[in-house]
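Work through the following exercises with the coordinates open beside you. Each one sets a task and is followed by a solution that proceeds step by step.

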Amino acid sequence: MMFSEFGVDGGPAAKSLRPKFDIFWNHLSTHTGLKEPKQFEIQHLLAATIALKGIGGLLFILGSSLGAYLLLLHQAIATPILYDFYNYDPEKTEFNQLFLKFTQNLAFFGALLFFISMKASIPKRQLRKRAPKAKTT
């Protein structure tokens with residue numbers, strides 16, 4: 001599904017995301033005991049995910065670790081909500097489609113972790129070896 005408008009209320013993206021978020025939050029609250037904030041609005045979550053993905057992607061392209069961290073945060077928030085395969089019967093085709101997309105996002109999550117670890121393992125400034133001076137006698 002492609003969404004091309006945001007609107008004041010979040011547009012059609014917020015309307016399609018709200019039921020998935022409610023199911024995710026009910027699932028999360030039964031296992032952890034967390035309660036949904038009273039002033040929570042889905043368009044704020046939608047705007048935050050758009051900002052995280054946009055800014056994180058731009059910074060990641062420029063080689064910044066901060067961009068990778070922002071994309072990790074986006075993946076951690078969006079993946080379990082959007083790809084809720086755990087609410088479907090494994091015999092149905094929706095389960096297979098959602099599980100495939102979920103695992104693809106997990107692979108992307110792992111690739112971001114790999115990028116961050118590789119970026120941290122490279123020293124900021126590698127010492128240059130000086131060429132030995134020729135001795136004159």
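**Exercise 1.** Determine in which helix Gln75 is found, whether Gln75 counts as buried or exposed, and which residues Gln75 touches.

*Solution.* Start with the secondary structure: Gln75 is found in helix H3, which covers residues 65-82, where helices are DSSP runs of H or I with at least four residues, strands are runs of E with at least two, and both are numbered from the N terminus. Next take the accessibility: Gln75 has a relative accessibility of 8% and therefore counts as buried, given that buried means under 20% relative accessible area, exposed over 50%, and partly exposed in between, with a 1.4 Å probe and protein chains only. Finally list the neighbours: leaving out residues up to four places away in sequence, Gln75 touches Pro80, Asn105, Phe108 and Phe109, a contact being heavy atoms within 4.5 Å.

The model is predicted, so local features need pLDDT of at least 70 and side-chain atom pairs count only at pLDDT 80 or more, while totals for chains, interfaces and linings use all residues. Residues are numbered from 1 along each chain as its sequence is written, and side-chain values use heavy atoms, with hydrogens and water left out.

**Exercise 2.** Describe the overall make-up of the protein chain: how many helices and strands does it have, and what share of its residues counts as buried?

*Solution.* The protein chain has 4 helices and 0 strands, which gives the pattern α-α-α-α when read along the sequence. Of its 137 residues, 26% count as buried. For the contacts with a separation of 6 or more, 52% are accounted for by residues 24 or more positions apart. The chain exposes about 10500 Å², of which carbon and sulfur atoms supply 64%; accessible areas come from the Shrake-Rupley method with a 1.4 Å probe, and for residues only the protein chains shown count as cover.

**Exercise 3.** Characterise how helix H1 is placed against H2 and against H3, and name the residues that make each contact.

*Solution.* Two packed helices are described by the angle between their axes and the distance between the axes. The axes of H1 (residues 11-32) and H2 come within 9 Å and cross at roughly 105 degrees, where axes are lines fitted to C-alpha atoms, for helices over the stretch in contact, and angles run from 0 to 180 degrees between N-to-C directions. H1 is therefore roughly perpendicular to H2, since angles of 65 to 115 degrees count as roughly perpendicular, under 35 as roughly parallel, over 145 as roughly antiparallel and the rest as oblique. Ala13, Ala14, Leu17, Arg18 and Phe21 of H1 make this contact with Ile42, Leu45 and Leu46 of H2.

For the second pair, the axes of H1 and H3 come within 8 Å and cross at roughly 95 degrees, so H1 and H3 are also roughly perpendicular to each other. Here the contact is made by Leu17, Lys20, Phe21 and Phe24 of H1 and by Pro80, Ile81 and Leu82 of H3.

**Exercise 4.** Find how many salt bridges the whole structure holds, and place the partners of each along the chain.

*Solution.* Side chains of opposite charge can pair when their charged atoms come close. A search of the whole structure finds 2 salt bridges, each defined as a side-chain nitrogen of Lys or Arg within 4 Å of a carboxyl oxygen of Asp or Glu. One joins the side chains of Asp22 and Arg18, at 3.6 Å from N to O; both residues lie in helix H1, 4 residues apart, about one turn of the helix. Asp22 is partly exposed at 29% relative accessibility, and Arg18 is partly exposed at 26%.

Another joins Lys20 and Asp84, whose closest N and O atoms are 2.9 Å apart. This pair links distant parts of the chain, with Lys20 in helix H1 and Asp84 in the loop between H3 and helix H4 (93-121), 64 residues apart. Lys20 is partly exposed, with a relative accessible area of 22%, whereas Asp84 is buried at 2%.

**Exercise 5.** Establish which residues outside its sequence neighbourhood are in contact with Ser65.

*Solution.* Ser65 is found in helix H3 and is partly exposed, with a relative accessible area of 23%. Setting aside neighbours within four places in sequence, Ser65 is in contact with Phe115 and Lys119. Ser65 and Lys119 are 54 residues apart in sequence, yet 7.2 Å apart in space, C-alpha to C-alpha.
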